[in-house]
Structure formats: structure tokens, C-alpha cells
Amino acid sequence: MAEGNKAAIQFFRGTDEPVVPDIRMTRSRDGRTGQAKFVFEEPKALAPETLEAIAGMWMVDEEGEMVTREVNGRFVNGKPFALEATYTWKSEADFERFMRFAQRYADANGMGYSQNSGDNASSEEGTDG
């Protein structure tokens, strides 16, 4: 289980998935709802003996856990290749909670985080003219 400022993704409770996914996010125009799509290429959880046992994806950190049951396998030439999971939020509070997890997960895995600013707020700080 993730401890301290650690964050982990698990397909089996108590077992952290070591493969770091590609994560893409979309949000509604008002920002209240949205989805994060995770793609894990060749994850450890995709072992043939465990494929049928995957019941969800748990995102675990110091605040607790979030879960999605929307997990699907991707196959190439009949062999399991990737796991795809979608986490959906339906409120600003859920989005903020997800973003706190995402930041902790990025920090725990040495990942950079980039954000496209879709809002109309202008950022003029730090410009010399």
C-alpha cells in the first residue's frame, strides 16, 4: 500500500503496478466533469494467469483510494498487450482530489507533469517588456 507522500496504482489490492501509464485527461467546458484515460503498455498485471482476475484499478495515496471498474485489455495478435482504464469525475471536488493524486503519483515516479490551460485566465506574470 502507498505510504507517506507515495502514490500508487494497483490492479490487485496491495500490489503496486510498476509500469507507469500514459495518462490523458479531458474536461467539460465548465470543468465540473471529465475523464482521465490511462494506458499501461505491458503491465505486470497482464500476466496470463491474472488477466481474468482484474476487477478494477485503484489509485492509492495518503488520502485514501479512488477506484474505477472501467478497465479493459488491449490485445495484439491475440496476446495481451496493454491495459486501458478510465476514471470519470462528476464534480469539481472529485477533479481536485484526482489532481492531488496525479501530482503525488508523478512525484513518486519521477514524472513531469504538463497542463494545457484551457481557461480564459491570462498569465502575464514573469514577462518583461
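Hi everyone, this is a short walk through the sheet, a helix and some salt bridges in a predicted model.

Let's start with the sheet. Four strands form an open sheet in the order S2-S1-S5-S6, and the pairing is antiparallel. At the edges stand S2 (15–16) and S6 (64–68), each with a single partner strand, so one side of each has no neighbour in the sheet. S6 pairs with S5, residues 57–61, through five bridges in the antiparallel sense. If you'd like a spot to look for, Trp 58 stands opposite Val 67 in S6. Helix H1, residues 92–108, packs on this sheet and touches S1 (8–12), S5 and S6, with its direction at about 75 degrees to that of S5.

Now for the charges. How many salt bridges does the structure hold? There are eleven. My favourite place to look is Glu 63. Its side chain meets that of Arg 97 in a salt bridge, at 3.6 Å from N to O. That pair links distant parts of the chain, with Arg 97 in H1 and Glu 63 in the loop between S5 and S6, 34 residues apart. Glu 63 also forms a salt bridge with Arg 100, where the closest N and O atoms are 2.7 Å apart. Arg 100 lies in H1 too, so this pair ties together parts 37 residues apart in sequence.

Are these arginines buried or exposed? Arg 97 is buried, at 12% relative accessible area, while Arg 100 is partly exposed at 36%. Glu 63 is partly exposed as well, at 38%. Both arginines and Glu 63 belong to a salt-bridge network that also includes Asp 61, Glu 62 and Arg 104.

Definitions and conventions
Residues numbered from 1 in each chain as written. Predicted model: local features only at pLDDT ≥ 70, side-chain atom pairs only at ≥ 80, totals over all residues. Heavy atoms only, no water. Pairing = 2+ DSSP bridges. Helix = DSSP H or I, 4+ residues; strand = E, 2+ residues; numbered from the N terminus. Contact = heavy atoms within 4.5 Å. Axes fitted to C-alpha atoms, helices over the stretch in contact; angles between N-to-C directions. Salt bridge = Lys/Arg side-chain N within 4 Å of Asp/Glu carboxyl O. Buried < 20%, exposed > 50% of the residue type's maximum accessible area, 1.4 Å probe, protein only.
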